[in-house]
Each structure stands twice: as C-alpha cells, then as structure tokens.
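Please open the structure in your viewer and keep the sequence beside it, so that each selection can be followed in both. The tour goes from one selection to the next, with a short note on what is there.

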Amino acid sequence: MEQPTSEDAVHRGRALVLADLAADDVAGPEEVSLLEEAVSHRRWWCGQWPPGAPYVPGLLAQDMQDALLARRGRWPLCPVCAADDPHALDVEPELGEDPHWVCGRTGQVVAAVGSLVRARR
Ligand SMILES: [Zn+2]
C-alpha cells in the first residue's frame, strides 16, 4: 500500500505543474495526457523510494520540460532574457524540496514551481 505522504506529494506536484502549464496556455488535452503519464511514472517511482516524495513536484516539472521539448519546444521560456535569445528556465534544485524556476543565464529566480503565472503578468 502506498503511503499517504507519497500520494499527497504526487497530487500536489500534479496541481503545481498543471498551473504552470495553464499559465503559458499549454494545458490542452495532449499536454495534460503527457502530464498524466509523468504523474503515473512518479507515483510508481515514489512507491519504490518513499523518501523521495518531497522531490516529486520538481521532478514532474522537469518531466514535462522533457516531454514538451520533444513535441513542441522549450518550456517555460525565460521572461528575464532578451526576446531574441529565448531559452527555457531551469528547475532548481533538480532533486530537492521547494523547487523554483530559475534563469540559468542570469541566476535570477523567476517563480516557484506552481506560481509561473506571476512571472507572466
Ligand atoms: Zn534567462
């Protein structure tokens, strides 16, 4: 049986990443189905390694970056850098709690994962 904390983390991560996809208008049926695939993989992953539960939100964000890169390009684009030099934000920490979107070029923290909409206003 799965521990409630793992399932909580998976649900929380799903909600955070979905909010960020919606912030960029990339929460259509195809993207949501990619997210569900990532969620089900991370649910399994958490079952294998329950102490990793706090890392699930940041990992799901990175899973979606990878999934979208293969299908539609870089996500999410950095709002800090010039428009003629678009690049994707990085998730930091890659494996840790309290993940944030960070510009890898300037080091600027753009938003917490789940709060990307604040950087898009
Ligand atoms: Zn940047």
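Begin by selecting strand β2, residues 100–102, together with β3; in this predicted model, the two strands run antiparallel and are joined by 3 bridges. Within that pairing, select Trp 101 and look across to β3, where Ala 111 stands opposite.

Next, add β1 to the selection, and an open sheet of 3 strands appears, in the order β1-β2-β3 and with antiparallel pairing. Which strands are the edge strands of this sheet? They are β1, at 90–92, and β3, at 109–112, each of which pairs on one side only. As you turn the view, follow the twist, which averages 35 degrees from one strand to the next.

Now leave the sheet and select two helices, α2 at residues 29–48 and α3 at residues 56–71, whose axes come within 10 Å and cross at roughly 140 degrees. Angles over 145 degrees would count as roughly antiparallel and those from 65 to 115 as roughly perpendicular, so with its angle of roughly 140 degrees α2 is oblique to α3. The crossing in which α2 passes α3 is right-handed.

Finally, show the side chains where these helices meet: from α2, select Leu 34, Leu 35, Ala 38, Val 39, Arg 42 and Cys 46, and from α3, select Val 56, Leu 59, Leu 60, Asp 63, Met 64 and Ala 67. If you colour the residues of this contact by type, you will find 10 nonpolar and 2 charged residues, with no polar ones.

Terms used. Residues numbered from 1 in each chain as written. Predicted model: local features only at pLDDT ≥ 70, side-chain atom pairs only at ≥ 80, totals over all residues. Axes fitted to C-alpha atoms, helices over the stretch in contact; angles between N-to-C directions. Helix = DSSP H or I, 4+ residues; strand = E, 2+ residues; numbered from the N terminus. Parallel < 35°, antiparallel > 145°, perpendicular 65-115°, else oblique. Left-handed = near helix turned anticlockwise from the far one by under 90°. Contact = placed C-beta atoms within 7 Å. Nonpolar A, V, L, I, M, F, W, Y, C, P; charged D, E, K, R; others polar. Pairing = 2+ DSSP bridges.
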